[in-house]
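Student: Please take a close look at one part of this protein. I want to know what that part rests on and how the rest of the chain is built around the same place.

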Amino acid sequence: MSNPERVDEVKVLFVEDDPAFADMYRLKLEMDGYSVQLAGDGQEALDLLMSEDLPDLVFLDIRLPKVDGLTVLERLRAAERTHELPVVILSNYGEDEFRTRGLHMGALEYLIKANVTPAELSQGVEKWSSPLGAFEE
């Protein structure tokens, strides 16, 4: 089980246009002590990331209304404010083209929704959100 003192500080932005899917993952992450904000499209995600305190981690879908996920990632990497922001892609698209492009653009991982449970996603938050991949003991 996660240490609540550590996870209380971890803020996650979950960018997903399917409300049922987003709520399922949000609920699990919040139950595990993480602070979760949802964005339903790529433009909303960019607006949030450029105007508010940055989250510690972004889960990003590829197929999104208004601005697709790869364009969101490209814009995040181009902006000084968000250049180093940890991003994990969570998509239904498993094609090598999308995976290669997302990882090349700086995503930490490219996960397929059908292959990852909310619990598995939650277990990876501390690793993905930590600059060194692990917290100091």
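Tutor: Start with Ser122, which sits in helix H6. Note that the model is predicted: local features need pLDDT of at least 70, side-chain atom pairs count only at pLDDT 80 or more, and totals for chains, interfaces and linings use all residues. Residues are numbered from 1 along each chain as its sequence is written, and side-chain values use heavy atoms, with hydrogens and water left out. Helices (H or I, at least four residues) and strands (E, at least two) are DSSP runs numbered from the N terminus.

Ser122 counts as buried because its relative accessibility is 3%. Here buried means under 20% relative accessible area, exposed means over 50%, and partly exposed lies in between (1.4 Å probe, protein chains only). Leave aside residues up to four places away in sequence, and Ser122 touches Lys28, Leu29, Asp32 and Tyr34. A contact means heavy atoms within 4.5 Å.

Now step back to the whole chain. The protein chain has 6 helices and 5 strands. Along the sequence they follow the pattern α-β-α-β-α-β-α-β-α-β-α. Of the 137 residues in the protein chain, 45% are buried. Take the contacts between residues at least 6 apart in sequence: 63% of them join residues at least 24 apart.

The 5 strands form an open sheet in the order E2-E1-E3-E4-E5, with parallel pairing. Two strands pair if DSSP finds at least two bridges between them. Strand E2 (35-39) and strand E5 (109-112) stand at the edges with a single partner strand each, so one side of each has no neighbour in the sheet. From one strand to the next, the twist averages 20°.

Follow the pairings across the sheet. E1 and E3 run parallel and are joined by 4 bridges. Phe14 has Phe59 as its bridge partner in E3. Next, 3 bridges link E3 to E4, again running parallel. Phe59 turns up here too: its bridge partner in E4 is Val88. Strand E4 (residues 87-91) then joins E5 through 4 bridges, and these two run parallel as well. Ile89 stands opposite Tyr110 in E5.

Two helices pack on this sheet. Helix H3 (residues 42-51) touches strand E1 (11-15), E2 and strand E3 (57-60). The direction of H3 makes about 135° with that of E2. Axes are lines fitted to C-alpha atoms, for helices over the stretch in contact, and angles run from 0 to 180 degrees between N-to-C directions. Helix H6 (residues 118-129), the home of Ser122, touches E1, E3, E4 and E5. The direction of H6 makes about 130° with that of E3.

E3 is in contact with both helices. Both faces of E3 are covered. Leu57 and Phe59 on one side are buried, and so are Val58 and Leu60 on the other.

Look at H3 in more detail. Its buried residues are Gly42, Ala45, Leu46, Leu48 and Leu49. Seen down the axis of H3, they fall within an arc of 165°, so they line one face of the helix. That arc is taken from the directions from the helix axis to the C-beta atoms. The buried residues of H3 pack against E1, E2, E3 and helix H4 (69-78).

Met50 is also in H3. Met50 is partly exposed, with a relative accessible area of 39%. Beyond residues up to four places away in sequence, Met50 touches Leu76, Ala79, Arg81 and Thr82. Met50 and Arg81 are 31 residues apart along the chain, and their C-alpha atoms are separated by 7.7 Å.

What fills the interior? The largest nonpolar core has 23 residues. A nonpolar core is a set of buried Ala, Val, Leu, Ile, Met, Phe, Trp, Tyr and Cys residues joined through side-chain atoms within 4.5 Å. Leu13, Val15, Val58, Leu60, Leu73 and Ile89 have the most contacts inside this core. At least two of its residues come from each of E1, H3, E3, H4, E4 and E5. Leu13 shows the reach of E1: aside from neighbours within four places in sequence, Leu13 contacts residues including Leu38, Ala45, Leu48, Leu49, Leu57, Val58 and Phe59.

Apart from that core lies another, of 18 residues. Among them are Val12, Tyr25, Leu90 and Trp128.
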